[in-house]
Amino acid sequence: MAEYARLVPGDADRLEELNLFFARVFPDPEVLDCEGASAQQRAAWLADNGNVALVALESSEIVGGLVAYRFDKIEGRREFYIYDLAVAEAYRRRGIATRLIEALCRIARDAGAWVVYVQADQADAPAIALYTKLGAREDVLHFDIDPKVMKP
């Protein structure tokens, strides 16, 4: 049975371990390279209540993780966005992702958020099935705009 924990500022090394876990699980590991973040930067990131890092552990090994960000919107509503969520292949279909999302929902509720949201790639059928089970689906388009190519 997995244990679940929210990382705190003293867990800077564990945050680096979580990023390396994501790099192994996701198909684009260079995007998740965190070599530039020092232990002090990771601790500061964890100290910000707007950042959430959750881990699922089996025998002290990370087998699942979730990273989310809090957005305090101008109209006064608070939202949490799940940016990364992954479970090691050998541990899938055991409810780990659902329990990580449930833990985030408790954090969001305690913070007064009105919604937790996430996006999934159309080709990621398991993620779509999970999120459909847990929430209302909206079909939207997502665009990445490179700030370096925009005119000043």
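In which helix is the place of L18? Follow the chain in this predicted model and you will find L18 in helix α1. With a relative accessible area of 0%, L18 is buried, because anything under 20% counts as buried. Leaving aside residues up to four places away in sequence, L18 touches L7, A53, L54, V55, I62, G65, L66 and V67. You can also look across to V63: 45 residues separate L18 and V63 along the chain, and their C-alpha atoms are 9.3 Å apart.

Stay with helix α1, which covers residues 12-25, and turn to its partner, helix α2. Two packed helices are described by the angle between their axes and the distance between the axes. Here the axes of α1 and α2 come within 8 Å and cross at roughly 90 degrees. That makes α1 roughly perpendicular to α2, since angles of 65 to 115 degrees fall in that class. On the α1 side, the residues that meet α2 are A12, D13, L15 and E16, and on the α2 side they are A39, R42, A43, W45 and L46. Sorted by character, the residues of this contact are six nonpolar, no polar and three charged.

One of those α2 residues, W45, leads us on to the aromatic rings. A search of the whole structure finds six aromatic pairs. A pair of aromatic rings is described by the distance of the centres and the angle of the planes. For W45 and Y69, the ring centres are 5.9 Å apart and the planes stand at 85 degrees, so this pair is edge-to-face. W45 belongs to helix α2 (residues 39-47) and Y69 to strand β3 (residues 61-72), so the pair ties together parts that are 24 residues apart in sequence. W45 is partly exposed, at 22% relative accessibility, and Y69 is partly exposed too, at 25%.

Y69 has another ring partner, Y83. Their centres are 5.8 Å apart and their planes lie at 80 degrees, so this pair is also edge-to-face. It links distant parts of the chain, with Y69 in strand β3 and Y83 in strand β4 (residues 78-87), 14 residues apart. Y83 counts as partly exposed, at 48% relative accessibility. Put these rings in context and you will see that W45, Y69, Y81, Y83 and Y117 form one aromatic cluster.

Finally, have a look at W114. What lies over the face of W114? R77 does, at 3.9 Å from the ring centre.

Technical notes: Residues numbered from 1 in each chain as written. Predicted model: local features only at pLDDT ≥ 70, side-chain atom pairs only at ≥ 80, totals over all residues. Heavy atoms only, no water. Phe/Tyr/Trp six-rings, centres within 6.5 Å; stacked < 30°, edge-to-face > 60°. Helix = DSSP H or I, 4+ residues; strand = E, 2+ residues; numbered from the N terminus. Buried < 20%, exposed > 50% of the residue type's maximum accessible area, 1.4 Å probe, protein only. Lys NZ or Arg CZ within 6 Å of the ring centre and 35° of its normal. Axes fitted to C-alpha atoms, helices over the stretch in contact; angles between N-to-C directions. Parallel < 35°, antiparallel > 145°, perpendicular 65-115°, else oblique. Contact = heavy atoms within 4.5 Å. Nonpolar A, V, L, I, M, F, W, Y, C, P; charged D, E, K, R; others polar.
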